[in-house]
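Work through the exercises below with the model open beside you. Try each task before you read its solution.

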Amino acid sequence: KRKNSKYLFMGIILLSLMYVISHLPLFYSFFADVNFVSHRIEFFKQGESVLSVIKWIIKENTKNSNDILYTYTHNFSLHKYILLTLCISILFMVKNKMKDRRLIFILSFILLSYVPILIYKWDLFSNIVISINKVLPLDFVRITWLFPPLWYIVFAISLYYIHKMSKKGIYLCIVIILVQSVVLCKKQPYHIFQHESSYSHFFAKKQFDDIKKTIGRDASSYKIINIYLPPAISQYNGFYTLDGYSTNYPLAYKHKFRKIMEKELDKHPYNKFFFDTWGSWCYILPSEIYAWWLLNSYDNDLPSIQHLDLDYNLIKEMNGQYIISSTEINTDYNSRLRLMKIFDNYETSHWTIYLYEII
């Protein structure tokens with residue numbers, strides 16, 4: 001209607017305010033707490049060749065839908081088929097000598113958005129990116145989070161011109177919408193992971209209640225470390241953990257936690273690089289199993305760990321008393337660990353859990 005909507009702007013203000021409140025520690029640490037130094041200042045994105053970056057951009061726009069499981073950007077618009085719809089609408093527009101400024105603006109924005117991405121990922125600018133991250137530790141690639149709504153606005157505009165400029169365009173639009181809807185439904189995580197473990201089996205409340213009973217102490221009086229088990233599970237079940245996934249925590253804690261597994265990191269160069277240059281996974285990374293297996297450890301079928309060279313004195317100093325592991329640790333080679341109990345055969349759990357006491 002070409003009029004300013006006070007409700008739209010009030011909605012934007014309300015949403016922004018809610019975001020600030022829900023992320024208050026993040027805003028406080030960066031703008032108010034002058035003594036806080038985030039682990040994010042050590043973020044380092046290893047530069048790639050310009051050819052590799054261009055290939056990545058092409059893949060991001062034409063990739064198969066299954067790649068959403070491994071996408072770097074954690075978001076997916078599945079716009080491969082929207083590109084085809086866009087091409088059809090452009091043909092109609094060229095034929096009828098028409099243009100749409102909104103379409104040109106959005107496509108230009110998407111195209112220009114790849115400039116900061118190119119700078120961020122290209123090894124030519126690695127030193128500049130490192131310097132920027134020390135002041136403002138942001139991942140420029142996150143601009144792609146704007147792409148899904150933008151692509152679907154493009155989709156809507158394209159459908160409009162197909163419908164308007166073709167006598168049977170309405171039928172073509174219906175077919176296109178049905179095809180895109182089927183693609184979206186088939187590629188929803190709920191559909192892809194329908195045969196995986198359920199939430200209740202993943203968090204395994206009954207099993208972890210039994211672990212608490214076996215330890216027999218107030219959970220606030222000790223802390224635990226998880227091995228190939230997402231710390232969020234232990235935290236959900238009321239345990240206090242030394243490890244965890246956090247997008248913003250003190251750099252000093254990262255350095256202290258690193259000392260716990262310093263020998264393990266020295267055995268595995270990639271694990272070392274992975275932790276030192278990111279660190280949001282503040283996890284123990286055993287050298288005997290590849291780090292990215294952490295993402296696949298939900299299979300609960302990992303090989304046993306023979307040597308786990310951790311600084312157990314430092315763990316005890318940080319009040320770490322127990323290790324909860326989804327894979328067996330050989331206590332013959334790890335004399336500081338005592339196996340307390342194996343928790344398995346739970347119908348309500350996805351896991352086999354090994355409970356170790358640090359002695």
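The model is predicted.

**Exercise 1. Find which residues K254 touches beyond its neighbours within four places in sequence.**

Solution.
- Step 1: Leave out the neighbours within four places. K254 is then in contact with H39, E42, Y249, F275, D276, T277, W278 and G279.
- Step 2: Place the residue. K254 sits in helix α13, which runs over residues 251–260.
- Step 3: Judge its exposure. The relative accessible area of K254 is 1%. Buried means under 20%, so K254 is buried.
- Step 4: Follow the side chain. The side chain of K254 reaches the backbone oxygen of F275 at 3.4 Å.

**Exercise 2. Decide whether S234 is buried or exposed, and find the polar partner of its side chain.**

Solution.
- Step 1: Locate the residue. S234 belongs to helix α12, residues 231–236.
- Step 2: Read the accessibility. S234 has a relative accessible area of 0%, so it is buried.
- Step 3: Look for the partner. The S234 side chain makes a polar contact with the side chain of N226, at 2.5 Å.
- Step 4: Add the other contacts. Beyond four places in sequence, S234 touches F208, I224, N226, L229, F239, T241 and I324.

**Exercise 3. Compare N319 and N345 by phi, place and exposure.**

Solution.
- Step 1: Recall the background. Most residues other than glycine have a negative phi.
- Step 2: Check the angles. Phi of N319 is positive, near 70 degrees. Phi of N345 is also positive, about 60 degrees.
- Step 3: Place both. N319 lies in the loop between α16 (312–317) and β4 (320–325). N345 lies in the loop between β5 (337–343) and β6 (353–358).
- Step 4: Sort them by exposure. Exposed means over 50%, and partly exposed lies between 20% and that value. N319 has 27% relative accessible area, so it is partly exposed. N345 has 74%, so it counts as exposed.

**Exercise 4. Describe the largest nonpolar core: which members touch the most others?**

Solution.
- Step 1: Pick out the members. The core has 31 residues, and I227, I260 and I323 touch the most other members.
- Step 2: Trace the elements. Those giving two or more residues to this core are β1 (223–227), α13, α15 (269–276), β3 (281–282), α16 and β6.
- Step 3: Zoom in on one member. Not counting residues up to four places away, I260 touches I225, I284, D309, L310, D311, L314, I315 and M318.
- Step 4: Look elsewhere. A second, separate core has 27 residues, including I106, Y120, W151 and L159.

**Exercise 5. Work out what lines the second largest pocket, and which helix gives the most to the lining.**

Solution.
- Step 1: Take the volume. The second largest pocket holds about 550 Å³ of space.
- Step 2: Find the residues. Its lining has 15 residues, with Y19, L26, F30, R40 and L138 nearest the centre.
- Step 3: Assign the helices. α1 (6–22) and α2 (24–31) each supply at least two lining residues. α2 gives the most, with five.
- Step 4: Sort by class. The lining has ten nonpolar, four polar and one charged residues.

**Exercise 6. Sum up the whole protein: how many helices and strands does it have?**

Solution.
- Step 1: Count the elements. The protein has 16 helices and six strands.
- Step 2: Take its extent. The C-alpha trace spans about 80 × 50 × 45 Å along its principal axes.
- Step 3: Check burial. Of the 359 residues, 40% count as buried.
- Step 4: Check the contacts. Among those between residues at least 6 apart in sequence, 67% join residues at least 24 apart.

Technical notes:
Residues numbered from 1 in each chain as written. Heavy atoms only, no water. 1 Å grid on protein atoms, 1.4 Å probe; cavity = no way out; pocket = protein on both sides within 12 Å on 5 of 7 lines; lining within 4 Å. Points joined across faces, edges and corners; volume = space filled by probe spheres on them. Helix = DSSP H or I, 4+ residues; strand = E, 2+ residues; numbered from the N terminus. Nonpolar A, V, L, I, M, F, W, Y, C, P; charged D, E, K, R; others polar. Buried < 20%, exposed > 50% of the residue type's maximum accessible area, 1.4 Å probe, protein only. Polar contact = N/O pair within 3.5 Å; in protein donor to acceptor, adjacent residues only side chain to side chain. Contact = heavy atoms within 4.5 Å. Core = buried A, V, L, I, M, F, W, Y, C linked by side-chain atoms within 4.5 Å.
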